[in-house]
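Subject: Handing over the model

Hi there,

Here is the structure I promised to pass on to you. Please have it open beside this email while you read, as my notes follow below.

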Amino acid sequence: MIERLKAIINRVDPSVATDGITEATRLKEDLKFDSLAMMMMSMEVELEFSFKFTEFVKFETVGDVCRYIESKGK
């Protein structure tokens with residue numbers, strides 16, 4: 001799961017070094033994701049995992065995103 005998410009992060013911002021990304025990596029503080037990057041990541045997650053977000057979800061860390069995707073059975 002985390003490897004697929006690293007690939008998405010790389011598509012959103014190719015300048016991010018994904019080698020050190022863990023589930024504890026914070027999206028805003030560590031990866032410097034702003035609201036546009038968060039929206040782009042959400043769109044990429046929808047495409048990659050074939051589902052649509054139906055509610056607002058506040059992701060703080062990479063682990064939050066992984067757990068959300070897993071909760072959708074993906």
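Let me start with a single residue, threonine 18, which sits in the loop that connects H1 and H2. Please bear in mind throughout that this is a predicted model. Is threonine 18 buried or exposed? Its relative accessibility is 18%, and because the cut-off for buried is under 20%, threonine 18 counts as buried. Leaving aside residues up to four places away in sequence, threonine 18 touches Lys6, Ile9 and Asn10.

Ile9 turns up again in the packing of the helices. Helix H1 covers residues 2-12 and helix H3 covers residues 62-71. The two pack at an angle of about 120 degrees, and their axes lie 10 Å apart. That angle makes H1 oblique to H3. The crossing of H1 past H3 is right-handed.

Which residues make this contact? From H1 come Ile2, Leu5 and Ile9, and they meet Val62, Val65 and Cys66 of H3. Sorted by class, the contact of H1 with H3 has six nonpolar residues, with no polar and no charged ones.

Staying with H3, its buried residues are Val62, Gly63, Val65, Cys66, Tyr68 and Ile69. What do they pack against? The buried residues of H3 pack against both H1 and H2. After H3 comes glycine 73, which has a positive phi, near 75 degrees.

Now to the charged side chains. How many salt bridges does the structure hold? There are nine, and I will go through some of them here.

One of them joins glutamate 23 to arginine 67, where the closest N and O atoms are 3.5 Å apart. This pair links distant parts of the chain, as its members are 44 residues apart. Glutamate 23 belongs to the loop between H1 and helix H2 (35-49), while arginine 67 belongs to helix H3. Glutamate 23 is partly exposed, with a relative accessible area of 40%, and arginine 67 is also partly exposed, at 45% relative accessibility.

Arginine 67 has another partner, aspartate 64, and here the closest N and O atoms are 3.0 Å apart. These two are three residues apart in helix H3, so about one helical turn separates aspartate 64 from arginine 67. Aspartate 64 has a relative accessible area of 23% and is partly exposed. Elsewhere, salt bridges with shared partners join Arg4, Arg11, Glu44 and Glu48 into one network.

Another salt bridge to look at is the one between lysine 52 and glutamate 46, with the closest N and O atoms 3.9 Å apart. Are its members buried or exposed? Lysine 52 is exposed, its relative accessible area being 60%, whereas glutamate 46, at 16% relative accessibility, counts as buried.

If you would like a place to begin, turn the model so that you can see Ile2, Leu5 and Ile9 of H1 meeting H3. From there, follow H3 to arginine 67 and look for its salt bridges with glutamate 23 and aspartate 64.

Happy browsing, and do write back with any questions.

Best wishes

Methods: Residues numbered from 1 in each chain as written. Predicted model: local features only at pLDDT ≥ 70, side-chain atom pairs only at ≥ 80, totals over all residues. Heavy atoms only, no water. Axes fitted to C-alpha atoms, helices over the stretch in contact; angles between N-to-C directions. Helix = DSSP H or I, 4+ residues; strand = E, 2+ residues; numbered from the N terminus. Parallel < 35°, antiparallel > 145°, perpendicular 65-115°, else oblique. Left-handed = near helix turned anticlockwise from the far one by under 90°. Contact = heavy atoms within 4.5 Å. Nonpolar A, V, L, I, M, F, W, Y, C, P; charged D, E, K, R; others polar. Salt bridge = Lys/Arg side-chain N within 4 Å of Asp/Glu carboxyl O. Buried < 20%, exposed > 50% of the residue type's maximum accessible area, 1.4 Å probe, protein only.
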